[in-house]
Amino acid sequence: MRRRTFLGRTGVGVAGLAGLAGCVGDGSDGEAGTATEGSTDTATEASTGTTTGTTAGPSGTLMVATYSSFTGEDTAGNWLKSAFESEYPDVTVEFATPENGVNQFVQRKQQGAPIDADLFVGLNTGELVRVDEQLDEELFAPAADGVEGSDRVKQDLWIDPDGRAIPYDTGYISLVYDEDEVDEPDTFDSLLEPAYEDALITQNAQHSDPGRAFLLWTIHEKGPDQYLDYWQGLVDNGVQIMDDWQPAYNAYTEGEAPMVVSYSTDQVYYHGEDVDVSRHQVGFINDQGYANPEAMARFVDSDQPALAERFMEFALTEEAQKEIAVRNVQFPAVEGVEPGGDFGEYALEPPEPVTYSYDELVGNVSGWIEQWARQVATN
Amino acid sequence: MRADRVAIPAGVAATVAALAVLFYYPVGSVLAAAVYQGGRLTLAPLAEVLSDPFYVGVAHYLVTDPLGIPGGVAEWLAAGAPSVRLGLFGFTAYQAALSTVASVLLGLPGAYLLARFEFPGRRLLRSVTILPFVLPSIMVAVGFLAMFGRTGVFNDLLGPLGLGPVELVGTLEIVVLAHAFYNAPLVTRLVTTAWESVDRRQVETARTMGASPLRAFRDVVAPQLLPSLMTAALLTFVFTFMTFPIVLALGGLELATVEVWLYARVQDLDLAEAATLGTLETALSLGLTYAYLRYEAAQVQAGSAGESLGRAPLFDGWRSLDARRLGLLAYAAVALVVFVGPLASLVVESVTGPDGGFTLEYYAFLLEQQRGVAVGTVRPLPAVRNSLLFGAGTLLLALPMGVVVSVVATRGGRGSRAAEALLTAPLAVSGIVVGLGLLQTLVFGTELFGHRVVVTGAGAVIAAHAVAAYPFVSRNVTPALGGLDGRLVDAARSLGASRARALVDVELPLVAGALVAGAAFAFAISVGEFDSTVLLAEGVDSYTMPVALERYVGNRSLGPNLGPATAMGTVLLAVTAASFVVIDRVGGRWER
């Protein structure tokens with residue numbers, strides 16, 4: 001808990017400065033108390049605190065681990081922090097953005113190092129499977145029952161049969177294509193035709209989210225016994241497999257190929273009078289899109305369990321769902337939320353969303369990906 | 001002057017201690033997983049990789065069927081020696097060899113130009129040759145796409161000539177070219193330094209004794225250039241053997257290297273297989289390093305650094321345009337396309353909007369970030385400041401460490417090559433292995449006497465950078481130091497100077513050129529370093545220019561484009577170019 005203590009001290013420093021500047025408030029007193037008394041007291045305080053009152057509301061510091069682009073100016077993470085802190089004035093939300101994502105915490109658990117965070121935001125199904133395959137102990141705690149609003153999350157987005165990870169948004173993997181160059185491909189088989197020779201750029205499923213989703217989509221459609229043959233066909237027809245979404249999309253922008261695996265929200269970025277929308281057509285193969293929900297889960301080792309659950313509840317409120325959708329450019333996870341604005345107008349949802357469930361991925365996903373990569377790399 | 005007497009042993013001890021904590025312990029903790037499983041030593045993971053045709057191609061017979069090899073070779077020859085399966089290791093070595101050849105071909109004429117000709121801007125050009133070295137791969141990929149892509153500038157140039165279009169993206173050719181972009185400057189830099197320290201009097205002596213210019217070059221100059229050329233070739237081979245982001249960003253998974261696989265295994269948390277691949281990779285590159293060091297020790301000739309060779313003016317009226325200069329002009333055209341093209345494209349991208357028109361939106365974005373107050377906002381100025389601070393700190397640590405290693409290396413004696421190889425090991429270990437090791441040991445912390453000791457923060461970042469950077473100092477300094485006349489030191493010592501004083505007062509001023517070159521490399525390593533910086537920096541607020549750039553890649557507030565990242569890349573270019581000029585100029589004062 002060294003890190004927590006350190007952050008607490010920083011909190012005192014900030015509070016002290018604020019005091020000097022003549023803006024002492026209740027919040028700074030609470031923070032100073034937290035820092036000097038240590039984190040154990042804070043935990044008790046938070047878990048005994050009620051959620052309704054503002055006078056005796058929860059207090060302390062909530063450490064949220066997430067990916068770096070979730071934080072910073074104008075992001076969903078920063079909006080959540082500000083809004084949550086104004087709802088609970090005695091609470092401070094801090095972010096940790098480890099470069100290797102959830103692996104950081106799996107490895108910490110394996111090595112017996114402390115988990116210095118309360119909540120992980122940005123977990124997908126494959127990652128949750130990996131967490132459970134790697135660890136004998138639990139990394140995340142069941143939360144769905146204690147989190148109000150989780151029953152309103154769309155049924156087909158639930159990625160965790162154990163109710164630890166709660167989805168807060170989802171993207172749909174689709175094709176983005178240039179309609180002046182190619183027609184929209186109707187089926188996976190049509191991608192093998194000469195019309196689509198050298199036409200598709202996708203990403204490496206070993207380390208790219210959309211690349212992995214596209215691979216899983218093909219396995220979903222072709223079956224675990226057939227997908228390698230199908231991919232051999234794609235390779236023979238000149239598919240390009242690049243590192244990650246950004247290089248792939250950039251190559252698409254530079255005209256290397258007329259189709260790229262991307263997200264169905266592409267036109268949220270590209271619309272309006274001075275944009276050539278023909279370059280940004282969204283294609284749903286088989287009228288499908290592969291759903292890639294993002295979820296949040298509380299660490300078992302969190303010493304702010306109640307506060308973590310309040311935060312998850314907050315992220316599922318209608319207001320937060322709209323803000324997350326617009327700022328993260330992903331679809332809301334909760335039923336009946338309509339983000340409106342540009343997002344509401346230009347984000348396209350596939351007629352038939354497909355995805356693999358947790359149970360279908362367990363014991364399979366690593367092997368599928370490695371077989372695929374070996375197949376492509378030996379070409 | 002007791003402190004004087006113990007300075008060198010103390011320096012050696014400090015270097016070894018720093019290496020043990022920041023390199024051997026972390027890397028060892030990763031590699032151990034390859035040979036230590038379930039509580040006991042095992043060779044099973046190694047055997048598994050070595051017998052898998054996917055990894056080693058036809059070489060798997062060495063493990064799976066060693067007795068059948070003669071028969072197999074005979075059969076293969078009888079079949080007309082068709083191409084064989086190289087496997088991941090074989091392919092990686094193949095592309096590294098191609099990349100090394102390309103880097104030498106592209107780098108060597110540059111050294112000739114810089115060492116032997118005088119022209120306006122020569123020193124500036126010499127300073128910034130190292131620039132490609134600091135560029136993050138994603139930026140290089142962007143520059144290469146804009147330059148060599150299907151609709152890139154290169155094809156636009158070829159069009160009017162009735163040539164092309166060439167389609168390079170996705171091919172081995174563009175990967176090799178990108179590797180040459182990174183490593184040819186290394187060749188240029190190292191060979192230029194060596195060329196400039198060739199004693200003019202030796203050449204003149206040869207000439208007065210009747211040698212032709214060509215003969216004088218072959219017998220006097222070339223032997224003194226060879227060690228630096230071999231150093232550059234070896235480093236290029238090792239670097240491109242361990243390449244991974246460029247392969248994926250420009251070539252694709254079909255051209256996968258060992259490092260691509262290693263990274264994928266780490267991400268899948270299959271650390272045993274990752275460690276096995278890392279061990280094999282390290283063994284290969286350490287072996288190469290050791291072989292090279294033995295060669296280098298045999299090459300170094302005694303001589304004293306005297307006056308350097310004179311430079312001919314590059315332009316001296318139209319009549320001076322002889323074959324040599326026409327050749328250099330052609331080379332300049334190639335260099336313009338390969339080096340300036342991608343960098344210029346990067347700068348152009350930073351002021352070009354999605355519709356192709358001029359825009360300052362991305363620089364406005366940087367300013368806006370600078371004003372931002374939200375948690376996790378990556379502000380450009382702190383990134384610049386951190387990069388410069390870490391770079392300066394790295395110089396302070398890496399220069400003494402590098403010189404100490406050079407002194408150990410030139411002292412000779414039994415085992416000094418092996419000792420040097422071990423002290424040079426940071427060059428030979430993949431960045432992924434080092435990063436993973438640092439994470440597992442120093443960042444997570446270790447239980448020590450009941451306390452968890454965690455090493456993070458600026459000090460740790462600087463130390464990690466210095467460990468990665470000092471081998472470049474010693475690779476520059478060792479050949480120069482070894483080339484000095486031993487009698488100079490003997491004379492100083494007989495007059496009562498300690499070994500350390502003789503080094504500082506006599507030897508180092510004589511090898512100042514090499515020292516400055518090493519300093520530039522050390523600074524470049526620090527500025528360009530990404531993996532360990534990200535892992536060791538504390539919290540969300542200590543970031544360097546490459547880290548900021550990487551975060552801007554992920555920032556899509558201006559839509560899915562690289563505009564903000566290219567703007568940051570342009571800032572990185574400007575700041576580092578200015579720094580290298582300063583290092584060269586300040587260091588240059590030592591030269592005379």
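The following paragraphs describe the nonpolar cores, a buried strand and two residues of unusual backbone angle in a predicted model. Residues are numbered from 1 along each chain as its sequence is written, with chains lettered from A and ligands numbered from 1 in the order in which they are written. As the model is predicted, local features need pLDDT of at least 70 and side-chain atom pairs pLDDT 80 or more, while totals for chains, interfaces and linings use all residues, and side-chain values rest on heavy atoms, without hydrogens and water.

The largest nonpolar core (buried Ala, Val, Leu, Ile, Met, Phe, Trp, Tyr and Cys residues joined through side-chain atoms within 4.5 Å) comprises 238 residues, and those with the most contacts inside it include Phe140(A), Trp372(A) and Trp261(B). Helix α10 (residues 172-196) of chain B gives the most to this core, with 15 residues, helices (H or I, at least four residues) and strands (E, at least two) being DSSP runs numbered from the N terminus.

In strand β8 (residues 259-263) of chain A, five of five residues are buried, that is, under 20% relative accessible area, with exposed meaning over 50% and partly exposed in between (1.4 Å probe, protein chains only). Strand β5 (residues 166-177) of chain A runs antiparallel to β8(A) and is joined to it by five bridges, pairing requiring at least two DSSP bridges.

Val329(A), in the loop between α12 (318-328) and β11 (331-332) of chain A, has a positive phi of about 50° although it is not a glycine, and counts as buried at 10% relative accessibility. Ala81(B), also not a glycine, has a positive phi near 50° and is partly exposed at 37%.
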